[in-house]
Amino acid sequence: MGLVRKSTLREYWSTDPVLLTPFFASVFSQDRFLNLLRCLHFVNPAHADIRDPLNKIRNVFNALTSAFKRSFIPYKDLCVDESLMLWKGRLGFRQYIPSKRHRFGIKFFVLCDVVTGYVQDMVIYTGATTSIESVEGLGVSGSVVMTLLAPHLGKGHVLYVDNWYSSPTLFQHLLHQGTGACGTVRLNRRGMPTFPKKMKRGEVTFRENGTQLAVKWQDKRDVNFLTTVHPSSMAQSGRLDHFTGEPKVKPACVLDYNKKMGAVDRADMITSFVDCARKSTKWYKKLFFHLLNTAVLNAYTVHRKLSEERMPYKDFRLKLVKELIQEHPLPRRSTGGRPCINTPLRLTGRHFPSFVPPTEAQGQSTRRHCRVCLYTTRRKRERKLSRYMCSSCDTALCPAPCFEEFHTLKNY
């Protein structure tokens, strides 16, 4: 549904020639899909922890984030940033972030690998009950970073964060744990040095204490950085100044930050193009589909690294849909007339004949009615028994010519 966009769920099963998409009706009936969606639930209310705001989705969330950590070992550079899932309904931990596209919704703290964009871990913000390990002296922002980085400390990683997380205390704590850090910083953080208040455009001031480097660079506005992994030097940005014609230079930490900080926003952007989450009255249902989107994006990242195949994300999702249906067929049941059959891959998949499984009554001589002979429109119909079938389609067929006709003709 993320690949085929329609305004309402019922339009996916519409028989209107303008809206008709036969694929969905061949896989699921409309009533069955809507009933399952309405009854979708992830926890037994009798055993749920009512003190946990995420009790309705906690088990699914923990299972997925654990799988994310097991499936991929990150590269050197990591970044932590916020992500927002749109939700405008009533919810105790709904957040407002004016800088995000949706502004209102459920906030995530996300740890991403910079090189691949793989979502390594997530924490859902629920206010005072947020599931983070509090670290004395670091506050909420520092505790979020330490919780997400816990499995990766002492391995030589470099973390990139924005000014909500950055502080000299946090960076020193990370440095003692064998982890570098770089990010924008607020000048009123405890331990920050003083800088000149007024500077001309292009001027830069460095302050260091032996382990940390603080930078103030005057661009269109003040830019303040704190780093434990960069030198106090300027580097060419690869662009020319339109007024002087000379190459533009920026502090080395600024260039690295601009290149490596956008992994979380990039993951949100890629997911938004094929988002399958729809408006719902239950927040945990929409959150479930959001997590499902993240899992598919991570699967795409791993597939791309293992196969080194430059497949677009949209094509990957389409291929995933086809393979899931082929591996887990769902035969349609009908109440009368010509029986429905799940055949979205009937004309495109790989099919091989096999013997009909034996039953207790007939043993090895078990036979079933050939579907093509029974419902063909190309010749006279007849009730013909066959010992052969297509296992992937779960359909009995004569070896010739019915097996070939069933898998090559749309109207056999």
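A pocket here is an open set of grid points, placed where a 1.4 Å probe fits, with protein on both sides within 12 Å along at least five of seven lines. With that in hand, let's look around this structure, which is a predicted model. Its second largest pocket holds about 910 Å³ of space. After the pocket we'll visit a pair of helices, α3 and α8, that pack at an angle of about 10°, and then two buried residues, S141 and L170.

**The second largest pocket**
- You'll find 36 residues lining this pocket, and L84, M85, L86, H102 and D275 are the ones nearest its centre.
- Several elements each give two or more residues to the lining: the strands β1 (77–86), β3 (104–113) and β4 (119–124), plus the helices α7 (263–273) and α8 (283–307).
- Top contributor is α7, which supplies 7 residues to the lining.
- Sorted by class, the lining is a mix of 15 nonpolar, 10 polar and 11 charged residues.

**Where α3 meets α8**
- Helix α3 covers residues 58–71, and its axis sits 11 Å from that of α8.
- The angle between the two is about 10°, and angles under 35 degrees count as roughly parallel, so α3 and α8 are roughly parallel to each other.
- On the α3 side, the contact is made by V60, F61, L64, F68 and S71.
- On the α8 side, the partners are F288, L291, T294, A295, N298 and V302.
- Count up the classes in this contact and you get 8 nonpolar residues, 3 polar ones and no charged ones.

**S141, a residue in α4**
- S141 is part of helix α4, which runs over residues 139–149.
- Its relative accessibility is 10%, and because buried means under 20%, S141 counts as buried.
- Leaving out residues up to four places away in sequence, S141 touches W164 and Y165.
- S141 and L19 are 122 residues apart in sequence, and their C-alpha atoms are 48 Å apart in space.

**L170, a residue in α5**
- L170 belongs to helix α5, residues 168–176.
- With a relative accessible area of 1%, L170 is buried too.
- Again leaving out residues up to four places away in sequence, L170 touches L138, G142, V145, M146 and Y165.
- Y165 is worth a second look, since it turns up among the contacts of S141 and also among those of L170.
- L170 and G137 are 33 residues apart along the chain, with 8.6 Å between their C-alpha atoms.

Definitions and conventions. Residues are numbered from 1 along each chain as its sequence is written. This is a predicted model: local features need pLDDT of at least 70, side-chain atom pairs count only at pLDDT 80 or more; totals for chains, interfaces and linings use all residues. Side-chain values use heavy atoms; hydrogens and water are left out. On a 1 Å grid over the protein atoms alone, a cavity is a set of points where a 1.4 Å probe fits but cannot get out, and a pocket is an open set with protein on both sides within 12 Å along at least five of seven lines; lining residues have an atom within 4 Å of a point. Grid points are joined across faces, edges and corners, and a volume is the space filled by probe spheres set on the points. Helices (H or I, at least four residues) and strands (E, at least two) are DSSP runs, numbered from the N terminus. Ala, Val, Leu, Ile, Met, Phe, Trp, Tyr, Cys and Pro count as nonpolar, Asp, Glu, Lys and Arg as charged, and the others, Gly among them, as polar. Axes are lines fitted to C-alpha atoms, for helices over the stretch in contact, and angles run from 0 to 180 degrees between N-to-C directions. Angles under 35 degrees count as roughly parallel, over 145 as roughly antiparallel, 65 to 115 as roughly perpendicular and the rest as oblique. Contact means heavy atoms within 4.5 Å. Buried means under 20% relative accessible area, exposed over 50%, partly exposed in between (1.4 Å probe, protein chains only).
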